Structure formats: C-alpha cells, structure tokens
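Okay, thanks for squeezing me in today. I'll put the sequence and structure up, and then we'll talk through a sheet and some cysteines.

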Amino acid sequence: MTDIFLGVDIGTTAIKFGAIAEGETILYHRVPLETYNEAGGVRYQKASEILALIQNELQTLPTSLRKRVTKISFSVAMHSCMPVVDGQFEQVFIWSDTQSMEEITVFKQTSNAERFYQKTGTPIHEMTPFAKILYFQKRRMYPEKTKWLGLKELLMEFFTGISAIDLSTASATGLLNLAMQQWDTEILAYLGISQEQLGQLVAPTTPFLIKRELADKFNFLPGVQVFAGASDGCLAAYGGYLANGLSASLTIGTSAAVREITDTPIFDWQRQNFCYYLTENVYVIGAPSNNGGKVLEWASQIFADEPMQFYEKIPDYLAQSSIGAKGLRFFPYVNGERAPLWKANQKAEFKGLTIHHHKAEMIRAVIEGLLFNIKRLHEMVKEPRTLAISGGFFESTVLCQLTADILGADCWLAGENEPIYGLYGLINQIVPKQSPSNLQKWSADQEKQAELQQIFQTYFD
C-alpha cells in the first residue's frame, strides 16, 4: 500500500490540506480562516480556532487514508508572532498587523537598522516579529518572561510536544543570524529577550515522532514522522522550481511577489529585498508587494457595475487605449506598500489626469501602474530573463503578454506553485526538472518593450 504525505498550509485567509502519494495529489481541501481586525492596526488570528479547524479536518479524512500517512509537515505564513504568557496563548499577530508602524519608522533612522538587515536578510518593516516584539516591549504590554512564538511553534507543539521553529520560517522573523543559523544575540539583547523565550531552532527536514496520544485520537500510525517544514513564500517558489526548473517566479494573487532560488545570500539595503533560508545552500531572495490582484479588485468596484464584467472586458479596455494611456499614470498603492517603498501608509494616486482621458485609459493606467511597480521588484532580484508566472491575475492572456512586454522576460505560465507541493518536494528530496515542459510561454514584443521601457524610466518620478 502506497505511503501518503500530508501537508498542512496555514495562510492569511485559509488552512489548506494536501495528501500526496508518489508525487500525485490525492486529496486537497481548503477551509476558511478568519482574521480579526481591531483599531490601531491590530490584525490577528486565534490559535484556538486554528487548532480546532485542524482537528476537525483530521477527523473528516477517511480512516483508510490516515492509516497510510507516514509523513506530516507544515507550511505557514511568514512573520507571525504569538505571545505566550504562563503557558496561555490565543492571539497570533500576522504579517499585516501594523501596530508597530511608528516604532519601526523611528528604528529605521538608527545605526542598528542596516546592520540588523544585513545580519538577518529580513526587511526592516512592521510586518516582522522583530518589529512587533519591539513595540510590545517598549510599552510593557506583556510580562517580562513572555515567550514569543508563532504559527510554526503552535503546530509543532500540537503534533510533537516540542515548540520548534524551522530555520526557514525563523529567517523571516528578523531575529535569526542568517550566516550563523542561530538566534542573533545582539538583536535579542536589543529587544530585552533571551533565546529561551523563542522556539527551538530545527532544520526544515529534521524528523520528529507524532505524539502517541494524537496518533491514537486520529487513527494515525504511531511511527508517523513530523517535519517542521518551511514558510509559505519560500515553499511556493520552491514548488514551482521543482515542477518546471525555473529558478525565478512571479506570483500575482491578491498581493504579489517576485522570487528567485539561489545558492548565495544576496542583500540590498537601499531597496531591502528579502533573503530567506530554505535548506542547506538554498535561499529564496525576492520582493513582496501588497498590490497585486487587489488593485484590479478595487478597480472593478470603481469602473464596473458588475465586477465580473470588468475582468471579461479587460482585453477590450486595453485594445481601446494606447500604450502609456495618453500620459496618464497610476501609482497602485491602494493597500499601502511593502517593496520597494516599505511604507504601510503609502497612498495610491492618478497623475496627469485630464478631461481627455476616458475609462479605457484609466483602466490601462491602473494595469500598467501595477505592472510597472512589479518591474521594480523584478529589478530587485537582478531582472531574471525567464520567469514562471502564476496567480489569478494571469487568467487573462492579454495580461500575460503585457507582463512579458513590461518585464522584458519570457513568462511561462506555471501550474504547481502551491506551498504544499514545495513542502512535499523538500521533505522527499525531489530533484527539480531540467526545463519547463508543456507550459505556455509569452515572450516580449521587442517594439512594445522598448516603448514601455522608455515610459518606465520616469514613471514613478
């Protein structure tokens, strides 16, 4: 009977479960996960709800499937921070929590900021656990001996009894010395915390045994191996790399990110790309944007009575307008921005709007502005000329072609970029394919690329 790998992926809006046997997905299920918003930029999930959803899903898996599971591993969203006081916990502050925005803005002006970035590869931004702990510590919001854990430690404690965090997830906290692969003593001292207040560092592929009582409760075999895994962004990039052999990728879903698999850490203090550890001699560098498909969703509510009609008419709007939208520019920061600005309160705007601009030009400007912003992220990872593209944005072929034209890159429409697939490949040491196969490709139109490049040079001035 074939062994089964079970992957659990905790994201911002859902928990996903995937069962894979011999490289084939035999079960995939998604359950919504609520994020709570409060005044002052507070955004969190509830640990009790996460564990309840996981237990409920495990109960619904067919018993015959559970009896074949031999390996379990986890993907989690980066930058989570869960205060644990006297063994009690509930709020898991997520990446989009902005309580520390003012605190981290002040910190950026200090001499420590660049040095800490160069040590960790984590941008100096309110998304990070470093920023959150700094904010909480300055205001003495939690007791001195509070433990600062996260989603990964929550899962590992539940499944194995050990509050462990893998080096990949840890490398996005702003607390890990990337070269030493240890919690950085200087950074911890700056925050006034100790290593004992953080999770136990482990390699992503270190095996642990499932807790016996948990195996009995859910009809798993007692010898099931549990692996800490890695972070969702790194695993998405790695999954695509394994599936198509392309080391660079662009994902535009609600948000967006350009990523590249590399064997060497790369840092850029001025623009602050991220550089995260995945496994031995494998790093993921890149840049994230808050403004991907969310920009089109916003535009659909502004420019169309029926949002779905807006998406269907995008090819028409682009056909009715010329490159550059008659000089109209759109700065796409409807949701603040991470890279390359790292300003949560950055505002969107139209620039150069006149009475001569019509709806088609405005919509083209929105799309071009979104992609010109992506081009700046593309520059932050050394402008790879071949990219795997994925996400809902690319359901439109005209947007695939426009992306290729603006980036000046060959864009291959990729299928497998789910973190769970990357997780499976990481734990089972799958060898990446040598080159893309059976993928649709868009190459830049040289004439249009030249025209767009000229516009881009002064677009954000």
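**A helix, a sheet and the cysteines**

So, let's start with helix H1, residues 47–60, which lies across S4, S5 and S8 and runs at about 35° to S5. Keep in mind that this is a predicted model.

Now the strands under discussion. They make an open sheet of three, ordered S4-S5-S8, with antiparallel pairing. Which strands stand at the edges? Those are S4 (36–38) and S8 (91–93); each has a single partner strand, so one side of each has no neighbour in the sheet. From one strand to the next, the twist averages 40°.

If you zoom in on S5, residues 42–46, you'll see that S5 pairs with S8 over three bridges, in the antiparallel sense. Lysine 46 is one to click on: opposite lysine 46 you find glutamine 91 in S8.

Okay, cysteines. How many disulfides does the structure hold? Zero. Take cysteine 275, which is in no disulfide: the nearest cysteine sulfur belongs to cysteine 234, and that's 9.1 Å away. Cysteine 275 is also buried, at a relative accessible area of 0%.

And why is cysteine 411 not bonded to cysteine 400? The closest cysteine sulfur to that of cysteine 411 is the one in cysteine 400, and at 7.8 Å it's too far for a bond, because a disulfide needs the two sulfurs within 2.5 Å. Is cysteine 411 buried or exposed? It counts as buried, with 0% relative accessibility.

Technical notes
Residues numbered from 1 in each chain as written. Predicted model: local features only at pLDDT ≥ 70, side-chain atom pairs only at ≥ 80, totals over all residues. Heavy atoms only, no water. Buried < 20%, exposed > 50% of the residue type's maximum accessible area, 1.4 Å probe, protein only. Pairing = 2+ DSSP bridges. Helix = DSSP H or I, 4+ residues; strand = E, 2+ residues; numbered from the N terminus. Axes fitted to C-alpha atoms, helices over the stretch in contact; angles between N-to-C directions. Contact = heavy atoms within 4.5 Å.
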